[in-house]
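Got your viewer open and a selection box ready? Here's a walk through the model, one stop at a time.

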Amino acid sequence: VSNGADYQYNITHLATQPDKLGGELGYYLRNEMIPKLEEGMKSRGDEIIPYVNVFNTPPDEKGYTQFMDSPRYSSGYTALFGTIGFTIETHMLKPFDVRVPATYHFIETILEIAKRDAVKIKVKRKKVATQSIAGTMVPIGWELDKTKVRTLEFKGYEALYKKSEVTGFDRLYYDREKPFTKQIPYYNGFATTLEVKAPKAYIIPQAWSEVVHALQINDVKMSLVAKDTTILVEQYHIDDYNTSKNPYEAHYPHNSTKVTAQKREVAFRKGDYFIPVDQPAGRFLVELLEPQAVDSYFNWNYFDTILQQKEYFSPYVFEEIAAKLLAEKKALKARNIIAQGK
């Protein structure tokens, strides 16, 4: 149930973001399925529009934007598996006996469309499922593209302000005695801001059991490294990141993560996990294991122990080793002098 603006509709929809879904399936969702859904709901006497993505402000002539559903949201999660998803919101101020039929009408309408277009949808989804993404560029960052705009016929109520009896300040309210119908812009497109080249595979040391379990419950196919072995891999160094000051869903997520990639030989142990990217969960893997992705496991604190000091050392024990290193490595000595200067 919604908790935002007041308007005349009983129900709104939040579909998987078409640009993120991508390809023929994204085109079908934006240009065929959503228009059919809106037409079908209108014929049932329960008009539906895109989710009204505003908070404490009225949807006015400036319009509003589509909600960007990153993988943490159900409709964003489905996109990672080439699946169309919908979240619906019935209006908080409509009575229960209005909201339930609106929900039923939505289910009825979407099932009719899915049945009618079943073959078309299956063909498009199969293309996604069989697509090889290893070695290709995969988008993991997005921003609103204001060149993609749709004119929306919006049926709302006039938004006014009056003195609050609680705070004494002006407060927003909607006057249901003053309904209106206006043409407003709806921005429903997003452009890629960051891409990464999908690797052939990821290797996860067995110590990260929580991460492995999270992948397994999402039906990720993986195998075990058969014996201790050293492999030349590309590895990231976390250069920078910010951390939320407030908790979110029992996490303090990171954001604005910056990395440097470097190739190096890494010793892996028997029982570590080898995870190929070319599989149905390939895009899911990229968005969850690439540190810079919005909802990566790194950003969701699964790897935070790599950011923490593990142990201290006694300076007097290390003194002789440090002196030897500085004597042998001129570049290190020069860095040490610069650091002392600061």
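Let's begin with what a pocket is: on a 1 Å grid over the protein atoms alone, it is an open set of points where a 1.4 Å probe fits, with protein on both sides within 12 Å along at least five of seven lines, and its lining residues have an atom within 4 Å of a point. Grid points are joined across faces, edges and corners, and the volume is the space filled by probe spheres set on those points.

A word on what's on your screen: this is a predicted model, where local features need pLDDT of at least 70, side-chain atom pairs count only at pLDDT 80 or more, and totals for chains, interfaces and linings use all residues. Residues are numbered from 1 along each chain as its sequence is written, and side-chain values use heavy atoms, with hydrogens and water left out.

**Stop 1: the largest pocket**

Select Tyr202, Ile203, Glu234, Gln235 and Tyr236: of the 41 residues lining the largest pocket, these lie nearest its centre. The volume of this pocket is about 1,300 Å³. Now colour β9 (201-204), β11, β12 (254-268) and α7, the elements that give two or more residues to the lining. Helices (H or I, at least four residues) and strands (E, at least two) are DSSP runs, numbered from the N terminus. Which element gives the largest share of this lining? That's β11, with eight residues. Sorted by class, the lining has 27 nonpolar, six polar and eight charged residues; here Ala, Val, Leu, Ile, Met, Phe, Trp, Tyr, Cys and Pro count as nonpolar, Asp, Glu, Lys and Arg as charged, and the others, Gly among them, as polar.

**Stop 2: the second largest pocket**

Next, pick Leu21, Val128, Gln131, Ile133 and Arg283, the closest to the centre of the second largest pocket among its 27 lining residues. About 500 Å³ of space lies in there. Elements that each supply at least two lining residues are α1 (18-21), α2 (23-43), α5 (118-129), β5 (137-144) and α7. The biggest giver is α5, with five residues. By class, you'll find 13 nonpolar, seven polar and seven charged residues.

**Stop 3: rings on rings**

Time for aromatics. Rings of Phe, Tyr and Trp (its six-membered ring) pair if their centres lie within 6.5 Å; planes under 30 degrees apart count as stacked, over 60 as edge-to-face and the rest as tilted. That rule gives 16 aromatic pairs. Select Tyr241 and Phe298: the ring centres are 5.9 Å apart and the planes stand at 85 degrees, so this pair is edge-to-face. It links distant parts of the chain, 57 residues apart, with Tyr241 in strand β11 (residues 229-243) and Phe298 in the loop between α7 (282-289) and α8 (315-328). Is Phe298 buried or exposed? With a relative accessibility of 4%, Phe298 counts as buried, while Tyr241 is partly exposed at 28%. (Buried means under 20% relative accessible area, exposed over 50%, partly exposed in between, using a 1.4 Å probe and protein chains only.)

Then try Tyr297 and Tyr302, a tilted pair with 4.7 Å from centre to centre and 50 degrees between the planes. Tyr297 is buried at 6%, and Tyr302 is partly exposed at 24%.

For a bigger group, select Tyr7, Tyr9, Tyr64, Phe154, Phe180 and Tyr186, which form one aromatic cluster. Stay on Phe180: the charged end of Lys182 sits over its ring, 4.4 Å from the centre. A charge sits over a ring if NZ of Lys or CZ of Arg is within 6 Å of the ring centre and within 35 degrees of the ring normal. Lys162 does this over the ring of Tyr173, at 4.6 Å from the centre.

**Stop 4: two sheets**

Switch to a cartoon view. Two strands pair if DSSP finds at least two bridges between them. One open sheet has three strands in the order β3-β7-β6, with mixed pairing. Its edge strands are β3 (64-65) and β6 (149-163), each pairing on one side only. Between β6 and β7 (residues 170-187), the pairing is antiparallel over 15 bridges. To see one bridge, select Thr151 and its partner in β7, Pro185.

Another open sheet of three strands runs β9-β13-β10, with antiparallel pairing. Both β9 and β10 are at the edges with a single partner strand, so one side of each has no neighbour in the sheet.

**Stop 5: two unusual backbones**

Most residues other than glycine have a negative phi. Select Asp219, where phi is positive, about 60 degrees. Asp219 lies in the loop between α6 (209-216) and β10 (223-224) and is exposed at 59%. Last, go to Ala250 in the loop between β11 and β12: its phi is also positive, near 70 degrees, and Ala250 is exposed, at 78%.
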